[in-house]
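Let's walk through this model together, starting with the overall fold and ending with the cysteines.

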Amino acid sequence: MYRNSMRFIDKEVNPKQLSPLNLAFIGDCIYEILVRETLVTDANRPVNDLHRESVKYVSAKAQTQAFDKIKDILTEEEMSVYKRGRNAKTGHLPKSASESEYHCATGVEALFGYLYLCEKNDRIKELFSIINS
């Protein structure tokens, strides 16, 4: 399974066997890296500005808006992963978002985690490009 990818660990993993919250755990990081890399490559600016700007993209509300941009082009498999993440019982109540936004964001993170672990980097880039447009 390991090929020219952005994975850092050579250990095999079957993303279909992971819980949706495990997928969201890694997907949160992947999404954050995409946002941070985009901001850093757009302009050289103070770290506080970068952090303030990144929060606009990684919030539950922003990830809900991101989902609205990509939902119509997701494959059946991708939509299934998103729904598993969205429907997962987090045991956590959001502070700065509605419950539905929080669950939608968890679904988006699960999707990005799944794609990352499946080494579907081109698809990650494609979806993030649409989100970022």
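**A guided look at the chain**

Of the 133 residues in the protein chain, 42% are buried, meaning under 20% relative accessible area with a 1.4 Å probe and protein chains only, while exposed is over 50% and partly exposed lies in between. Keep in mind that this is a predicted model, where local features need pLDDT of at least 70, side-chain atom pairs count only at pLDDT 80 or more, and totals for chains, interfaces and linings use all residues. Residues are numbered from 1 along each chain as its sequence is written, and side-chain values use heavy atoms, leaving out hydrogens and water.

Following the backbone from the N terminus, you will meet the elements in the order α-α-α-α-α-α. The radius of gyration, taken over C-alpha atoms, is 15 Å, close to the 14 Å of the globule rule for 133 residues, so the protein chain is as compact as a globular protein of that length. That rule is 2.2 Å times the number of residues to the power 0.38. Along the principal axes, the C-alpha atoms fill a box of roughly 40 × 35 × 25 Å.

Now for the cysteines. The structure holds zero disulfides, a disulfide being a pair of cysteine sulfur atoms within 2.5 Å. Why does Cys-104 have no such bond? Its closest cysteine sulfur, in Cys-29, is 20 Å away, too far for a bond. Cys-104 is also buried, at 7% relative accessible area. For Cys-118, the closest cysteine sulfur is again in Cys-29, 17 Å away and too far for a bond; Cys-118 is buried too, at 12% relative accessibility.

Definitions and conventions. Helix = DSSP H or I, 4+ residues; strand = E, 2+ residues; numbered from the N terminus.
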